[in-house]
Amino acid sequence: MSTTAQAAKSASALVLDGKALAKKIEEDLSNRVDNLKQKTGRTPILATILVGDDPASATYVRMKGNACKRVGMDSMKVELPSATTTEELKAKIDELNANPDVHGILLQHPVPGHIDERACFEQIDLDKDVDGVTCLGFGRMSMGESAFGSCTPQGIMHLLNHYDIELAGKEAVVVGRSPILGKPMAMMLLNANCTVTICHSKSQDLASFVKRADIIVGAVGVPELIRADWIKQGAVVVDAGFHPTESGGVGDIELKGLENVASAFTPVPGGVGPMTINTLIRQTVEAAEKAAGLNAK
Ligand code: NAP
C-alpha cells in the first residue's frame, strides 16, 4: 500500500475518545446531582473502602473521590489498616449498607491477601453495588435483568453505543476472563447479540481467534500482547490495558500500525480508563435517584 493510501486509511479510523465522552457525561451528571439536591435536599454519596496502604489503590480511590467532587457528589472515605480481618471488613460493609446517606459502596480491589475478597464483595447490598462486583449483580446483568454492571465493561459498552458501533451479529473476541472485566464484558457483548469467544492464558493460538474478530477487547494485563498485525481489516479495537512507559504508556494491544487496519479503536490512554470512573459515578447517581424515588435514567 502506498504511503498516501495508508495515510487516508489512518485518517478514517475512528478514535473512540473516552476522555471526551466522560467529560460530556459529567456535565449531565452535574445537572442530575443538582436536580436531586433541589428535590430531596440530599447529595449522592459514594463510600470508598481502602484497606491497607497500597499506593496505586490509594491513587485510584483519590481519583474516584475527585470525580465525585467534579459532579457535586460527596465521597465518604473509609480507610482500614492492612491487618483488618474479613469479618471486620464485612461488618464495615454492613454498616454502610444500613446507612441511608450512602448510595454506593466501592471496595477497592485488591484487598490484602489474608482477606476473603469475594466474601466481602458479596456483602455489598445489590442496590449499592455501583461497582458491579457481586455475583448476584453479575447474574442479573447476564440474564438481562436490572443491575449495575461492572464499571469497566459497562463503560466500554457506553463508549461503543455512543459511537454507534454496530454489534448485533458481529464476532467478538474478549481476551481475558477476570470477574471484573473479561467475563462481564463477554456477557454484555452477548446481550448485544454478538457471537462471543473468550480467550485466556490457556487458549491455544491466540492469534487465530483475534484474526477473525470484528470486535476485539484486550483485557489481559500484558503489554502489547495482542499484535497489530493480528487485527482484521475494519475491526473495532478496544484496549482496557494501561502500562506506563517512558514515552507515556501502552495498552494490551499494539497500537502502532493499528490505525491502518481498524475501523475504530480506543486510544491508550484516554479511551477505556476515563469511562470506568465515569461509570462508577453515573451508577452512584442512578442509585441515589432510585433511592429517592426519582426516575433513574
Ligand atoms: P486479571 O484479573 O489479571 O486477568 C487477566 C486475564 O488475562 C486472565 O483471565 C488471564 O487468563 C488472561 N491472560 C493473561 N495472560 C494471557 C495470555 N498470555 N494470553 C491470553 N490471556 C491471558 O486482569 P484484569 O483485572 O481483568 O485487567 C486486565 C487489564 O485491564 C489490565 O491491563 C488492567 O490494568 C486493565 N484494567 C483497566 C481498567 C480501567 O479502568 N481501564 C480496569 C480494570 C482493569 P487466566 O484467567 O487463564 O489467568
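The residues lining the second largest cavity divide into 6 nonpolar, 1 polar and 1 charged. That cavity belongs to a predicted model, and this report starts from there.

**Cavities**

Searching the whole structure turns up 2 cavities of 30 Å³ or more. The table sets them side by side.

| Cavity | Volume | Lining by class |
|---|---|---|
| Largest | about 50 Å³ | 5 nonpolar, 3 polar, 1 charged |
| Second largest | about 30 Å³ | 6 nonpolar, 1 polar, 1 charged |

Look at the second largest cavity in the structure. Its lining is made of V237, D239, I253, L255, L258, F265, T266 and V268.

Now turn to the largest cavity. L36, T40, R42, T43, P44, H103, A288, A291 and A292 make up its lining. Which elements give two or more residues to this lining? They are α2 (18–40) and α10 (272–291).

Why look for such spaces with a probe? A probe the size of a water molecule, rolled over the atoms, shows where empty space is left.

**The sheet**

An open sheet is built from 6 strands. Their order is β1-β11-β8-β7-β5-β6, and the pairing is parallel. Which strands stand at the edges? They are β1 (14–15) and β6 (195–199). Each has a single partner strand, so one side of each is left without a neighbour in the sheet.

Take one pair from this sheet. Strand β7 covers residues 215–218, and strand β8 covers residues 236–239. The two pair in the parallel sense over 4 bridges. Within this pair, I216 has V237 in β8 as its bridge partner. V237 also appears in the lining of the second largest cavity. What holds paired strands together? Strands of a sheet pair through backbone hydrogen bonds, either parallel or antiparallel.

**Cysteines**

A disulfide is a covalent bond between the sulfur atoms of two cysteines. How many disulfides are counted here? The count is 0.

C151 shows why a bond is missing. The closest cysteine sulfur, in C68, is 11 Å from the sulfur of C151, too far for a bond. The cut-off for a disulfide is 2.5 Å. C151 is also buried, because its relative accessibility is 2%.

C194 is in no disulfide either. Its nearest cysteine sulfur, that of C199, lies 14 Å away. Is C194 buried or exposed? With 4% relative accessibility, C194 counts as buried.

**Domains**

The domain assignment divides the chain into domain 1 (40–134) and domain 2 (150–272). Taken over C-alpha atoms, the centres of domain 1 and domain 2 are 28 Å apart.

Methods: Residues numbered from 1 in each chain as written. Predicted model: local features only at pLDDT ≥ 70, side-chain atom pairs only at ≥ 80, totals over all residues. Heavy atoms only, no water. Domains from an automatic or database assignment. Buried < 20%, exposed > 50% of the residue type's maximum accessible area, 1.4 Å probe, protein only. 1 Å grid on protein atoms, 1.4 Å probe; cavity = no way out; pocket = protein on both sides within 12 Å on 5 of 7 lines; lining within 4 Å. Points joined across faces, edges and corners; volume = space filled by probe spheres on them. Nonpolar A, V, L, I, M, F, W, Y, C, P; charged D, E, K, R; others polar. Pairing = 2+ DSSP bridges.
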